[in-house]
Amino acid sequence: MPLIKIIKPLILASLCASSHYAIAQTKVIYNANGYTPLYKSKMQKGEIQQFSTLVIKDGKVVKIGGDKLRNSFPNAELIDAKGNTLLPGLVDAHGHVIGLGNNLSQLDLRGAKSVNVITNKLKKFAANKQGWIIGRGWNQELWHNTGFPTAADLDNVVNNQPVVLSRVDGHAIWVNSKALELAGITAQTVAPNGGEIIKDEFGNPTGIFIDKAESLITQHMPAPSKQNISDSLDAAGEHLLSLGITSTHDAGIDKATWEVYKERSELGNLPLRIVAMLSGASPDLKAMLKAGRYKDANDFMSIRSVKVYADGALGSRGAALIEEYADRAGHHGLMLETQEKLEELFTLSFKRGFSANTHAIGDKANQIVLDAYQNVFKKTGGILLRNRIEHAQIVTPDDIPRFKALKIIPSMQPVHATSDMHMAEQRLTDKQLSGAYAWQTFLQQGSVVAAGSDYPVELANPFDGLYSAITRMDHSQLPDSGWRASEILSREDALRAFTLGGAYAAHQEFKIGSLEQSKWADFILIDKDYFKVPVSEIYKTNVLQTWIAGTLRYKKDTTEQTIDK
């Protein structure tokens, strides 16, 4: 693999006494193959504008235009883009920053094809580890035997240290017997509402805990220090910058992360823009809400929303469904909160001026969340806060128009459709799938779709997401013509969802998301022409440079091609 040079964000702290994050002389990026969506009022569809020259001053866009534009700024610093494609910085509207940073140093099980593969990895990983062993990424749907694994599988390789392995979606954990022992879990242990302990035929816990039952184990794990959180932030930031992500929405932060984010923001050394949502499950939620909304002067940190959790995930059969699961008779998934509790959380958020961004995957969860929004809007207002439903994966056709009527933004992750499609066909009937992953239907009715990845559940690479949105195929270009292809997006609409869609959802459409006058100069240079390359090549796109506020934050070091600054 080529060497990667990361432009450390910490170097920016000394650039300017009055503004930690920017700001240098006028810069002219020329000889670019540039594209940008254009913002239009009420997020109506706007055209894509092409350009070859980008002028930046004080970290913001002065103008875009043709080759002659560079001659209008004779004293500017000239930067040759060498004909590479230039796009606005990409916005991931749903990820988990600290979780991603943690994953980079924990046991990574993504893509493991069997229990044996996992236990072999665990054995090597545990060889030099003390204390709790943490990992993430297993997915039983990739195995020949798709049933849940057991604690005994892990005990075969690690039995004297607690092991906690999160499922790829984060909605289930798999633990060994030592973890069960330390947590005091027995056959008599009762799962909390909104959670499930998988038990065997004799009533004994098998080692699988779903959704809110996870806390029975995780409450015993040592809490990370602020330094741990800060280190994870930097690791995640470097990774996201290398993928062309200049702004990310962090879907649910606890108090310690909230404190670190604000401290780093005041120091001026955040690695990229972050729109953070307070965790609605945090015991400190009221205290964080009382402190009020937060935004720094350079739009690197924004905290003005609450992440609420309505149901579980489809892969662990925790998504709440109106009708039973096709592959588990009598099972309808899990609601993590009652409608009454959801309305209480919405009211609490709205009264402090915070929007509510609610995780809802199953059609029952989406319906209940929409009902809860509707009731609270009538009682206390809040409809104009740009509230969101995160994922909105399985929605009844009758409920889709309610998103528009209630001004709810569907915050959706295109890669979920291509990752889930085979499993979804097993879990759900054709009727249940009739409103599934319905990006085009949402767009056609005038809803703003904010696109993301849900990293580290999925890979963070936004070009995977763009490819999925445009094709609804896997990387082998299957199925032919795409899965439920009526919901495919155009290249223009997909890019818009990954730029202006996320910006709009964060109340930042006049700040970022497109390269228009007075907006921050957040942009990337890539090695393929996104609009002209064969569609099969889109997910193979490499990011060459990532810029935020006119400052180079990442540069790929490659012997094949060099972009001079």
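In which helix is N366 found? In this predicted model, N366 belongs to helix α10, which runs over residues 363-380. Before a closer look at that residue, the chain as a whole is worth a short tour.

The chain contains 15 helices and 26 strands. Its radius of gyration is 23 Å, close to the 24 Å given by the globule rule for 565 residues, so the chain is as compact as a globular protein of that length. Along the principal axes, the C-alpha atoms occupy a box of roughly 80 × 55 × 50 Å. Of the 565 residues in the chain, 60% are buried. Among contacts with a separation of 6 or more, 73% link residues that are 24 or more positions apart.

An unreviewed UniProt entry lists residues 77-552 as "domain: Amidohydrolase". The C-alpha atoms at the two ends of residues 77-552 lie 13 Å apart. Helix accounts for 32% of this span and strand for 21%.

Helix α7 offers a good example of how one helix can present two sides. Spanning residues 255-267, α7 has 13 residues. From its first C-alpha to its last, α7 reaches 18 Å, close to the 18 Å expected at 1.5 Å a residue. The buried residues of α7 are T257, W258, V260, Y261, R264 and S265. These residues lie on the same side of α7 because they cover an arc of only 165° around the axis. A general feature of helices helps in reading such a pattern: an α-helix has 3.6 residues a turn, so residues three or four places apart point the same way. On the other side of α7, the exposed residues are E266 and L267. Just after α7 comes G268, with a positive phi of about 75°.

The tour now returns to N366 in helix α10. N366 counts as buried because its relative accessibility is 0%, where the cut-off for a buried residue is under 20%. Its side chain reaches two backbone oxygens: that of I361 at 3.4 Å and that of I394 at 3.3 Å. Leaving aside residues up to four places away in sequence, N366 touches A360, I361, I389, A392, Q393, I394, V395 and F403. I361 and I394 thus appear both in this list of neighbours and as the residues whose backbone oxygens the side chain of N366 reaches.

Note on methods
Residues numbered from 1 in each chain as written. Predicted model: local features only at pLDDT ≥ 70, side-chain atom pairs only at ≥ 80, totals over all residues. Heavy atoms only, no water. Helix = DSSP H or I, 4+ residues; strand = E, 2+ residues; numbered from the N terminus. Buried < 20%, exposed > 50% of the residue type's maximum accessible area, 1.4 Å probe, protein only. Polar contact = N/O pair within 3.5 Å; in protein donor to acceptor, adjacent residues only side chain to side chain. Contact = heavy atoms within 4.5 Å. UniProt positions renumbered as here; feature names shortened; annotations may be inferred. Expected span 1.5 Å × (residues − 1). Arc of directions from axis to C-beta. Rg over C-alpha atoms; globule rule 2.2 N^0.38 Å.
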